[in-house]
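Student: I have a model to read. Please take me through it feature by feature.
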Amino acid sequence: MNRAERLQDPEEALRLALDARQSGMWTATPGIVTGVNLVKQTLTVRPAIMGKVTSPDGVSQDVQMPLLVDIPICWPRGGGFALTFPIAVGDEVLVVFGSRCIDSWWQGGGEGGQAELRMHDLSDGFAIPGPTSQPKKLSFVSVNSVQLRNNAGNDIIEISPGGLINISSQVTTSVTGAQLLQLYGDSVTIDATTTTVTGDLTVNGNMTVTGTLTVGGIVFNTHKHGSSPGPSNP
């Protein structure tokens with residue numbers, strides 16, 4: 001028998017009762033993704049914190065928690081825009097549990113009643129991508145810039161405090177504009193081994209070229225015109 005059950009102490013009995021009630025309430029837990037459904041935008045998640053059960057003789061044992069299924073993904077979203085991630089099996093997330101049943105809201109949106117009168121239940125989780133354990137922490141995190149990056153830190157879109165926007169990639173970078181791509185700034189620098197523009201290019205203002213300028217196969221740096229009406233030099 002548990003020693004606490006033999007104590008003639010109302011305060012201890014109340015504390016044990018409150019602990020037992022609290023043990024059935026779920027607020028948040030880290031989890032590991034085991035399944036991804038981007039059609040419904042939900043995840044299947046295995047809680048990363050194991051449960052604990054105590055046998056009648058007082059022996060405690062860690063047990064694996066049940067899978068959390070159909071967990072809605074919390075994308076950063078608002079004002080008609082969203083930021084999405086290619087969430088994969090093995091990713092770590094934070095699952096936050098609603099204080100009331102979310103079934104009616106999830107199925108139909110808007111305001112509605114409670115399908116069940118459950119509270120802080122494992123069935124009512126929301127998955128927030130991002131939290132990571134130490135083995136999966138990011139490397140080379142910038143201390144002064146905002147970055148959209150891959151985990152390795154070698155493919156980056158960065159905004160610095162001075163307003164500089166940097167796009168850096170270890171592989172071929174493509175910027176495709178279906179209608180319009182605009183770059184604004186007092187100075188826009190493209191630093192690349194090879195830059196290719198397909199389509200019409202209009203320059204409003206002066207253009208300075210340092211290096212070789214080739215147009216239509218003709219190298220303009222060395223191209224000279226002969227005296228009229230003589231032929232031009234190739």
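Student: Is F140 buried or exposed?

Tutor: Start with the cut-offs: buried means under 20% relative accessible area, exposed over 50%, and partly exposed in between (1.4 Å probe, protein chains only). F140 has a relative accessible area of 71%, so F140 is exposed. Keep the source in mind: this is a predicted model, where local features need pLDDT of at least 70, side-chain atom pairs count only at pLDDT 80 or more, and totals for chains, interfaces and linings use all residues. Residues are numbered from 1 along each chain as its sequence is written, and side-chain values use heavy atoms, with hydrogens and water left out.

Student: Where does F140 sit?

Tutor: Elements come from DSSP runs: helices are H or I with at least four residues, strands are E with at least two, and numbering starts at the N terminus. F140 is in the loop between β9 and β10.

Student: What is the sign of phi at F140?

Tutor: The general idea is that most residues other than glycine have a negative phi. F140 has a positive phi, near 55°. D70 is not a glycine either, and its phi is positive at about 55°. D70 lies in strand β5 (residues 68-72).

Student: Which residue meets the side chain of D70 in a salt bridge?

Tutor: Side chains of opposite charge can pair when their charged atoms come close. The criterion is a side-chain nitrogen of Lys or Arg within 4 Å of a carboxyl oxygen of Asp or Glu. For D70 the partner is K40, at 2.8 Å from N to O. K40 lies in the loop between β1 (28-37) and β2, and D70 in strand β5, so the salt bridge ties together parts that are 30 residues apart in sequence. K40 is partly exposed at 42% relative accessibility. D70 is also partly exposed, at 34%.

Student: How many salt bridges does the structure hold?

Tutor: There are 5. One of them joins K52 and D62, with the closest N and O atoms 2.9 Å apart. That pair links distant parts of the chain: K52 in strand β3 (residues 51-54) and D62 in strand β4 (residues 60-63), 10 residues apart. K52 is exposed, with a relative accessible area of 56%. D62 counts as partly exposed at 45%.

Student: Which residue forms a salt bridge with D103?

Tutor: R118 does, the closest N and O atoms being 3.0 Å apart. D103 is in helix α2 (residues 103-108) and R118 in the loop between α2 and β9, so the pair ties together parts that are 15 residues apart in sequence. D103 is partly exposed at 29%, whereas R118 is buried at 12%. A network of salt bridges links D103, E116, R118 and D124.

Student: What does W106 in helix α2 contact beyond its sequence neighbours?

Tutor: Contact means heavy atoms within 4.5 Å. Leaving aside neighbours within four places in sequence, W106 is in contact with T42, D70 and P72. W106 and P72 are 34 residues apart in sequence, yet 8.3 Å apart in space, C-alpha to C-alpha. W106 is partly exposed, at 28% relative accessibility.

Student: Which residues form the largest nonpolar core?

Tutor: A nonpolar core is a set of buried Ala, Val, Leu, Ile, Met, Phe, Trp, Tyr and Cys residues joined through side-chain atoms within 4.5 Å. Here the largest has 12 residues: V33, L43, V45, L68, I71, I73, W75, I87, V93, V95, F97 and A127. The elements giving two or more residues to this core are β2 (42-47), β5 and β8 (92-97). The largest share, 3 residues, comes from β8. Follow I71 outwards: its contacts, neighbours within four places aside, are Q41, T42, L43, V95, G125, F126 and A127.

Student: And polar contacts: which side chain joins that of S145?

Tutor: A polar contact is a pair of N or O atoms within 3.5 Å; within protein, one must be able to donate a hydrogen and the other to accept it, and residues adjacent in sequence count only if both atoms are side-chain atoms. The side chain of S145 makes such a contact with that of E158, at 3.5 Å. S145 is in the loop between β9 (125-129) and β10 (146-149). At 16% relative accessibility, S145 is buried.
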